[in-house]
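User: Could you take a close look at the ligand site for me? Please walk me through it in one go, then carry on to the charged pairs and anything else worth a look.

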Amino acid sequence: MDFQYWAVQIEKMPRSELETLQLQKLKAQVDLALRTPFYKERLTKIGIKSKDDIKTLDDLNRIPFTSKNDLRDGFPYGFLAIPKEEVVRLHASSGTTGTPTTIYFSRDDIKRWADYMARCIYSTGCDKNDVFQNMITYGLFTGGLGFHQGGEEVGMLVIPAGAGNTARQFKMMQDYGTTVLHATPSFLLHLETKMREAGVSRESLSIKRAFAGAEPYSEDTRLRIEALLKVDVYNSYGLSEMNGPGVAFECQCKDGLHIWEDGYIAEIVDPNTLQPVKEGEIGELVLTILCREATPLLRYRTRDLTSFYTEPCKCGRTHRRLHRITGRSDDMLIINGVNVFPSQIEEVIMGMKEVGNNYLIIVEKDGALDKLTVKTEVISDIFMDDTRPLNALKEKIKETLQASISISPKVELHESGSLPISEGKAVRVQDKRPKDV
Ligand code: AMP
Ligand code: ZN
């Protein structure tokens with residue numbers, strides 16, 4: 001196989017040099033972090049007052065972990081390390097409550113991010129001859145703009161298609177001769193179903209590759225998409241706290257995701273003891289970003305469960321590979337690529353006086369896509385024969401949830417005391433999607 005490299009010197013850098021580079025960048029990040037109210041307090045407390053207090057990469061272990069809750073507590077500017085007039089963009093994702101976790105970028109941060117994305121895209125064999133249809137949400141979510149900039153950096157013709165509307169997606173694929181797609185794995189499967197329904201022939205399309213990420217999926221799902229759509233599928237991993245996509249990506253070997261270690265220091269820890277796991281064991285991924293000045297984050301707990309490959313990759317890149325994410329160490333659900341914490345749903349429904357004490361959140365597959373159903377009990381006074389107040393309440397719950405979690409669920413109302421109550425700790429979430437990861 002002919003491998004191609006966007007930044008060959010860095011991608012194949014000997015590990016000792018890579019570690020020297022990491023140390024140098026870590027020191028710079030610590031200096032930046034000390035300019036933020038959050039880390040100034042945290043780091044000075046443990047005796048880290050400047051980059052000179054970081055002498056080896058092992059000194060990272062002295063630094064406490066940063067969590068999504070910390071980011072929320074520091075909202076909106078507690079993690080900002082540069083003057084606001086030098087910030088050119090923000091992206092945000094859902095927090096465990098209504099407060100979003102917000103990340104800021106300087107102009108150079110955006111350039112660096114585009115460069116990491118270009119590296120990912122190019123490593124799959126794409127180049128400037130490709131037409132890239134980016135079928136993912138733009139906006140506060142990082143997936144749209146992240147891939148968009150990376151695609152342009154590679155020189156591809158980028159179509160900012162956005163998510164949804166399969167008929168329009170097929171039309172664009174045919175009109176512009178799209179060769180590369182980006183979507184969630186569920187949407188790619190959904191696309192195939194719609195393609196058959198609409199009678200769009202595979203021969204009328206020129207697609208060769210697809211990038212799939214934003215939610216967990218199994219190797220079987222990848223193989224299924226590849227067989228059905230006749231494309232090569234590459235796994236893309238990232239999270240908004242670490243810029244978004246561009247953190248780890250599969251190369252042409254399609255065997256594990258290279259994590260760009262000149263941009264991120266990756267650790268895998270036991271989520272209970274927070275101690276490093278043994279080589280090759282599964283644990284929670286902890287990341288320190290080295291490629292962003294506006295919002296430095298040190299030892300960020302991603303909550304994603306994965307493990308390192310122990311063998312180097314055939315492509316010759318020296319950056320270690322991660323196994324596909326097998327799950328989370330918290331209760332976050334990913335529904336059609338959108339992150340949802342059960343606590344966000346609870347906050348909405350329990351805030352309504354008409355709603356009773358018991359509720360149930362059900363996530364299941366509806367064809368290839370995910371479906372969210374929220375069942376709640378209503379207080380006994382309003383459970384009457386008149387369906388009007390019930391329908392109004394249903395609408396109200398639906399709309400408030402849509403505003404809070406960006407998903408419009410199916411809402412079912414039940415008579416007080418009619419939903420099952422489990423003995424002991426309430427099981428309020430039923431994730432019925434096949435666990436094939
Ligand atoms: P967001 O911050 O909205 O971009 O969501 C990031 C989260 O999505 C990650 O922490 C993962 O839980 C999940 N995620 C993103 N990409 C993947 C992937 N390729 N495989 C599994 N989970 C993913
Ligand atoms: Zn590789």
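Analyst: A quick definition to begin with: helices (H or I, at least four residues) and strands (E, at least two) are DSSP runs, numbered from the N terminus. This is a predicted model, where local features need pLDDT of at least 70, side-chain atom pairs count only at pLDDT 80 or more, totals for chains, interfaces and linings use all residues, and side-chain values use heavy atoms, with hydrogens and water left out. Residues are numbered from 1 along each chain as its sequence is written, while chains are lettered from A and ligands numbered from 1 in the order in which they are written.

Now the ligand. Strand β7 (residues 232-239) gives the shell around ligand 1 its largest share, five residues. The full set surrounding ligand 1 is 18 residues (a residue is near a molecule if one of its heavy atoms lies within 4 Å of it), and the closest are N235, S236, S240, D304 and N339. By type, the shell splits into seven nonpolar, seven polar and four charged residues. Here Ala, Val, Leu, Ile, Met, Phe, Trp, Tyr, Cys and Pro count as nonpolar, Asp, Glu, Lys and Arg as charged, and the others, Gly among them, as polar.

As for atom pairs, N235 puts a polar side-chain atom 2.8 Å from a nitrogen atom of ligand 1. S236 works from its backbone instead, with an N or O atom 2.7 Å from a nitrogen atom of ligand 1. An N or O atom in the side chain of N339 sits 3.0 Å from an oxygen atom of ligand 1. On its own, ligand 1 has 500 Å² of accessible area (Shrake-Rupley method, 1.4 Å probe), and the protein covers 94% of that.

On to the charged pairs. A salt bridge here is a side-chain nitrogen of Lys or Arg within 4 Å of a carboxyl oxygen of Asp or Glu, and the count comes to 31. Strand β7 turns up again: D232 forms a salt bridge with K254, the closest N and O atoms being 2.6 Å apart. D232 lies in β7 and K254 in the loop between β8 (244-250) and β9 (257-259), so the pair ties together parts 22 residues apart in sequence. D232 is partly exposed, at 32% relative accessible area; buried means under 20%, exposed over 50%, partly exposed in between (1.4 Å probe, protein chains only).

K396 and E354 also meet in a salt bridge, at 3.0 Å from N to O. K396 belongs to helix α11 (residues 387-405) and E354 to the loop between α10 (342-350) and β17 (355-366), so this pair links parts 42 residues apart in sequence. The two ends sit differently: K396 is partly exposed at 36%, whereas E354 is buried at 17%. K410 and E412 make another salt bridge, 3.2 Å from N to O, with K410 partly exposed at 41% and E412 partly exposed at 21%. Shared partners also join R15, E19, E261 and R320 into one salt-bridge network.

One last stop is Q169, in helix α7 (residues 166-176), which is buried with a relative accessible area of 0%. Apart from neighbours within four places in sequence, Q169 is in contact (heavy atoms within 4.5 Å) with Q133, M135, A161, G162, A163, G164 and L191. Among those, the backbone oxygen of G164 lies 2.9 Å from a polar side-chain atom of Q169.

Key. A polar contact is a pair of N or O atoms within 3.5 Å; within protein, one must be able to donate a hydrogen and the other to accept it, and residues adjacent in sequence count only if both atoms are side-chain atoms.
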